[in-house]
Amino acid sequence: MNDLAWDKVEKDIFANKDISLRDLFNDDPKRAGRFTMKAAGWTLDYSKNLVTPSLLKKLVSLAEDSNLKQAINDMFAGEKINKTENRAVLHTALRNLSDDPVMVDGKDVMPEVRAVLASMSEFSDNVRKGKWLGYTGKKIKYVVNIGIGGSDLGPVMAYQALLPYTKRSIKMSFVSNVDGTHMAETLRKVKADQTLFIVESKTFTTQETMTNAMTARDWLVEKLGSKDAVAKHFVAVSTNAEEVAAFGIDVKNMFGFWNWVGGRYSLPSAIGLPLMVAIGSRNFNKFLKGYHRMDKHFATAPLNRNMPVLMGLLGILYSNGYGAESYAVLPYDQYMARFAAYLQQMDMESNGKSVDKQGNRVNCTTGPIVWGEPGTNGQHAFYQLIHQGTRMIPCDFIGFCHSHNMVGDHHDKLMANFFAQTEALAFGKTSEQCRSEGVPETLVPHKTFDGNHPTNTLLADKLTPENFGALIALYEHKVFVQGVIWNIFSFDQWGVELGKVLARKVLGELTSERRTLLQHDSSTNALIAFYRDANKRD
């Protein structure tokens, strides 16, 4: 982080250490309007944050001094900003709906991107219209996506979020965990002659994904009685044609993507194939349009009126200025139940780094913990900690003016809670208010709410494919902004690898019929021995 620019931010924080949202709103009746902006179908009210115009100006200067604008330009231009892997970072190209070329190593990648999208559209339309037939000539009724990480979290989250736009006659399932229970329970719900499996793995060697895929293949062959059935019931999202063919999938039914697409940013690529099958190519294109609208805003808006930039700066304010360890994402829409889990990977895998771009230990806190649940469920679970606990937990509240299911007064009650919670978190309840209500003196401390808990409010008209694409892009770019300012590489994930390497070694020790000399620490040795004994392996 730029020390000089951050010092100015810290001095402003210290000078206003007794800042009160009550006072800020009382002193400025127009505060809400000054701290509200719109972009790509979304309204962001960030007035309930612990910021003054002066502090906000210093935060924007921090972004400027971190060369954020140049970093944004470099990403969109296809520069190899993922330095540790020598790769461009071009998830934005996947939803580039303009006629502008996107260059990587002197080559425009847009023709290939459009070609894959066209293949996806043709395939998904055939499945949806009943033209893709299984081995016995039956139409596809069940689709099972097999992946892990970005190949699972994105598709399953988006499928659930956009359920109102799906073809309900096609039943979608998503398998990720190598725990056999996940696959076993899924196979109990489908019929082999009507099931299509989509296997998503860039290398087609990912242990969890391929273990699940091989189990599904064995089940299918057993049920239908021929290995030839595999080609009619499996397709692949991969770049490894040799492994795909060896598995038994016709490489004509392989949908590719590129090494400049990170897994957690890959939903608009062929990784989104199960989503396209579910919602159709037309709605998928609207989804991409939403991404593109937010991309354009991020690339062109001035930093002080740039929604991802402002959200990124506010997150840095609380992480580095106030010591907040986490932030909560609270969507008031049941369809978005998996959104916080999706953001966990996007944010924590991207910015969970302790080494800067020069290979030195970072000089600041990075990578906040992301968590959350849909409202109003969370109100009856963890909101107590946010309201009256000892930790600062900034919150993003996400809501919609209209529901897909206008049942009685449900939505009005949902949104009443939505608005009331941000008000309560901001302004709390004083001891004087408690006494004026006749609260007994012994209970006053227990019923007093300090307030001053910061929140962002994100509001859109309705949860549509376009609005949802824009929302995902907003958080993608927010994470990128923070990585730039922290001076870390947001697009690698070397920390994921060590456990995988050790697991391969341990697997051999768990399954060997002969007891081998274990060379781990005493704890791991004892646990492996206990497991082997339980499975009667000498």
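**View 1. Asn 320 sits in helix α13 of this predicted model.** The helix covers residues 307-321. Is Asn 320 buried or exposed? With a relative accessibility of 14%, Asn 320 counts as buried, because the cut-off for buried is under 20%.

**View 2. Here's what surrounds Asn 320.** Skip the neighbours within four places in sequence, and Asn 320 is in contact with Met 1, Trp 6, Glu 10, Cys 364, Thr 365 and Trp 486. Thr 365 deserves a second look: its backbone oxygen is 2.8 Å from a polar atom of the Asn 320 side chain.

**View 3. Six strands make up an open sheet.** Reading across, you get β1-β2-β13-β12-β10-β11, and the pairing is mixed. Which strands are at the edges? They are β1 (36-39) and β11 (369-371), each of which pairs on one side only. From one strand to the next, the twist averages 20°.

**View 4. Zoom in on β1 and its partner β2.** Strand β2 takes in residues 42-45, and β1 pairs with β2 in the antiparallel sense. How many bridges link β1 and β2? There are four. For one residue pair to pick out, go to Met 37, whose bridge partner in β2 is Leu 44.

**View 5. Helix α16 lies across two strands of the sheet, β12 and β13.** The helix is made of residues 410-427, while β12 spans 395-400 and β13 spans 455-460. Relative to β12, helix α16 runs at about 155°. In the strand order, β13 and β12 come between β2 and β10.

Methods. Residues numbered from 1 in each chain as written. Predicted model: local features only at pLDDT ≥ 70, side-chain atom pairs only at ≥ 80, totals over all residues. Heavy atoms only, no water. Pairing = 2+ DSSP bridges. Axes fitted to C-alpha atoms, helices over the stretch in contact; angles between N-to-C directions. Contact = heavy atoms within 4.5 Å. Buried < 20%, exposed > 50% of the residue type's maximum accessible area, 1.4 Å probe, protein only. Polar contact = N/O pair within 3.5 Å; in protein donor to acceptor, adjacent residues only side chain to side chain.
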